[in-house]
Amino acid sequence: MSVTRQLIFDFPQRPALGNLDFFVSDCNQMAVAWVDRWPNWPGPALAVYGPEGSGKTHLTHVWARRSGAGILSRDEVAGQIAQQIVGDSGSCVLDDAEGAVDEETLLHLYNYLAEIGGTLLLAARRPPAQWGLVLADLASRLATVPAVGISLPDDELLGALLVKHFHDRQLKVDDDVLVYLLPRMERSFAAAEAVVEALDRLGLSEGRAVTVPLARKVLEQLEEKPDFTEEI
């Protein structure tokens, strides 16, 4: 598993949420490249889409820190006027944008940002073309928005995330633990953090080091009861 340990030093990292870093890999490098182009986007908006756990939230926080944008959900912007939503920053992140979005509000928000030279980052599970929008004006505008996808972490990225979380908790873990975890755990950013947290807490409660048997026990308990860590 030494190759996984080596690869983490090759991943570019972005400050994101607190002490968490955003690792750049094949699964997200296109989205990262588009975010890096800001403020030189070809239009007022960019859509980033991908399944839950793919790292969209991390990437939107990276951009929000750079742009000064506020991060709002579709429910938080419903019925508000664009000036209230954007505030003084001139930029906005609309998280969980797909679904029962207030289309009139989103249309006015898009038009307002285009008018003032602002920018909008849309985060969703699917690209805007698949949202089933009813409002023709909004659908036509979002059809021109670049939409870039993020997939779930591959083995290299997932291994890097695990090693980072272990390091953050000052846990020394042999390579065989990573070899055991990678093909068996859920493939997501959130799962990497949850598994390491569970290993840390269970190891402390039982006075055990992080080993393959402990990893096996944690995965079994997470599968049976995903929130078992709250009870440790």
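1. Two strands count as paired if DSSP finds at least two bridges between them. Strands β3 (residues 45–49) and β7 pass that test: 3 bridges join them, and they run parallel. One position shows the pairing: Tyr 49 stands opposite Gly 149 in β7. Keep in mind that this is a predicted model.

2. Now the whole sheet. It is open and has 5 strands, in the order β4-β5-β6-β3-β7, with parallel pairing. β4 (70–73) and β7 (147–149) stand at the edges. Each has a single partner strand, so one side of each is left without a neighbour in the sheet. From one strand to the next, the twist averages 20°.

3. Strands of a sheet pair through backbone hydrogen bonds, either parallel or antiparallel. Which strands does β5 pair with here? Its links run to β4, through 4 bridges, and to β6, through 4 bridges as well. Both pairs run parallel. Cys 92 is a good place to look. In β5, Cys 92 is the bridge partner of Gly 70. In β6, the bridge partner of Cys 92 is Leu 120.

4. Is β5 mostly covered or mostly open? Mostly covered: 4 of its 5 residues are buried.

5. Next, the helices. Helix α2 (residues 29–37) packs on the sheet and touches β3 and β7. The direction of α2 makes about 140° with that of β7. Helix α3 (residues 56–67) lies across β3, β4, β5 (91–95) and β6 (119–124). Relative to β5, α3 runs at about 165°.

6. Thr 119 deserves a separate look. This residue is found in strand β6. Is Thr 119 buried or exposed? The cut-off for buried is under 20% relative accessible area. Thr 119 has 7% relative accessibility, so it counts as buried.

7. What surrounds Thr 119? Leave aside its neighbours within four places in sequence. Its contacts are then Trp 38, Trp 41, Pro 44, Trp 63, Gly 90, Ser 91, Cys 92 and Leu 113. Trp 38 also meets Thr 119 through a polar contact, side chain to side chain, at 3.0 Å. Cys 92 is on the contact list too; this is the residue of β5 whose bridge partner in β6 is Leu 120.

8. To recap for a first viewing: start from the strand order β4-β5-β6-β3-β7. Then place α2 against β3 and β7, and α3 across β3, β4, β5 and β6. Finish at Thr 119, which is buried and makes its polar contact with Trp 38.

Key: Residues numbered from 1 in each chain as written. Predicted model: local features only at pLDDT ≥ 70, side-chain atom pairs only at ≥ 80, totals over all residues. Heavy atoms only, no water. Helix = DSSP H or I, 4+ residues; strand = E, 2+ residues; numbered from the N terminus. Axes fitted to C-alpha atoms, helices over the stretch in contact; angles between N-to-C directions. Contact = heavy atoms within 4.5 Å. Buried < 20%, exposed > 50% of the residue type's maximum accessible area, 1.4 Å probe, protein only. Polar contact = N/O pair within 3.5 Å; in protein donor to acceptor, adjacent residues only side chain to side chain.
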